[in-house]
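Colleague: Could you walk me through this model?

Modeller: Gladly, here it is.

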Amino acid sequence: MRRIGIIGGGASGMMAAVAAARSGAQVTILEKRDRVGKKILATGNGRCNLSNRDFCVERDYRSHDIGKLSRYFEQFGVAETIAFFQDIGMLLTDRNGYLYPRSMQASAVLDLFLGELDRLSVRIVCECKISKIEKGKKGFLVSANQGNFSFDSLILSGGSGAGINGKEGLGVFDLAKDMGLPLYEPLPALTGLRCGERFFKALAGVRCMAAITLRIADGNRKKVYEETGELQLTDYGISGIPVFQFSRYASEALYEKRQVEAVINFLPEIAASEWKAFSQRQYEVCRGKSAGLLGSGILHKKIVQVLLAECGLKPGDIVSEDTKKRIFSMFERMRGLKVSVVGSNPMEQSQVCMGGVSLARLDENLQAKQIPGLFLCGEMLDVDGRCGGYNLQWAWSSGFIAGSAAAKGCP
């Protein structure tokens with residue numbers, strides 16, 4: 001019976017453990033926290049959006065080796081995930097493609113995993129901090145505060161510090177580097193972005209539909225990313241799902257010392273071809289009235305006040321020929337407010353991280369090419385997904401592949 005060690009008992013680690021044990025291996029999970037699966041409880045606002053039927057690798061995932069991703073999802077994809085959870089006793093519900101447990105409780109996902117791990121006699125060692133990993137002729141020796149462990153194959157599934165304890169959670173990446181695996185810098189993803197403008201303190205708490213364009217300096221050009229959805233304005237900058245979706249690009253660009261800006265269109269439903277007519281109509285309707293009424297019934301009052309101030313206007317100023325130029329300048333800001341992005345939220349305020357070990361270093365079984373018997377999965381790898389269950393789908397897919405292969409002793 002092959003002995004499989006798994007460092008990290010998160011989503012991918014538990015899936016790897018189940019897959020390996022079902023294939024006949026003796027499995028041990030080494031988890032540094034006081035229990036396994038802790039992050040699962042917070043996913044999907046406590047409801048656990050565990051996958052998504054609306055699935056497209058090129059659209060939903062990011063990696064420096066994106067072309068290699070499809071082969072993994074072909075081995076274990078959404079259909080296999082649905083079958084797996086049904087097999088361990090879960091009834092799924094479909095919310096416009098977003099898949100959740102029928103109970104809408106993330107705790108149910110963890111409970112069912114724990115039940116399966118117990119049924120398969122998987123050993124779990126918690127509060128286990130790894131200090132060293134050595135590769136021998138016949139396997140791996142893991143040194144930890146809970147003792148020494150010997151395994152035929154080892155799976156690194158330690159996740160990251162995203163959503164929990166920031167830099168402390170990045171120690172598992174150091175283990176990978178110590179074993180000679182280079183990686184892309186782990187950085188915050190699916191998180192809010194910090195902006196340099198002072199007026200954000202006056203906008204804190206406002207939510208509104210908007211289109212946001214992220215522009216990143218790239219030599220003489222600019223890389224552009226666009227998202228539309230509910231924008232959350234905070235005292236530090238911008239947040240919400242549309243910002244989360246492209247935040248990883250901002251994190252990477254800022255790490256590389258490149259200039260980043262965001263452009264906010266507060267009225268994306270009005271086409272560019274219709275904007276001139278819209279602005280003229282608003283001007284005529286409000287002529288002779290106070291400028292504060294220009295955005296009344298259109299935008300949140302806090303937004304209107306900030307846009308007025310940015311154009312040198314006060315709410316009590318009268319809409320007239322004298323103020324026309326500044327008023328039309330305000331209209332332009334309604335559809336194109338430029339803000340400087342100076343940082344992303346720290347790792348502990350992020351849902352996932354980007355970066356990790358390159359897929360180019362792994363084979364089709366997620367085994368390190370230069371280190372036979374060493375497998376990686378989950379956030380250890382240079383793969384991150386959009387909001388919507390895609391990151392958990394990667395955890396299930398990569399965990400299953402690594403666990404199954406490790407148990408079979410793939411060369």
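Colleague: Which helix do the buried residues of H9 pack against?

Modeller: This is a predicted model, where local features need pLDDT of at least 70, side-chain atom pairs count only at pLDDT 80 or more, and totals for chains, interfaces and linings use all residues. Residues are numbered from 1 along each chain as its sequence is written, and side-chain values use heavy atoms, with hydrogens and water left out. Helices (H or I, at least four residues) and strands (E, at least two) are DSSP runs, numbered from the N terminus. With contact meaning heavy atoms within 4.5 Å, the buried residues of H9 pack against H11 (324–335).

Colleague: How wide an arc do the buried residues of H9 cover around the axis?

Modeller: Buried means under 20% relative accessible area, exposed over 50%, partly exposed in between (1.4 Å probe, protein chains only). Trp275, Phe278, Ser279, Gln282, Tyr283 and Cys286 are buried in H9, while Ser273, Lys276 and Ala277 are exposed on the other side. Taking directions from the helix axis to the C-beta atoms, the buried residues lie on the same side of H9 because their arc is only 130°.

Colleague: Which residue in S2 is the bridge partner of Ile6?

Modeller: Two strands pair if DSSP finds at least two bridges between them. Strand S1 (residues 3–7) has five bridges to the parallel strand S2 (residues 26–30). Within S2, the partner of Ile6 is Ile29.

Colleague: And which residue does Ile6 stand opposite in S11?

Modeller: S11 (residues 153–156) runs parallel to S1, joined by four bridges. There, Ile6 stands opposite Ile155.
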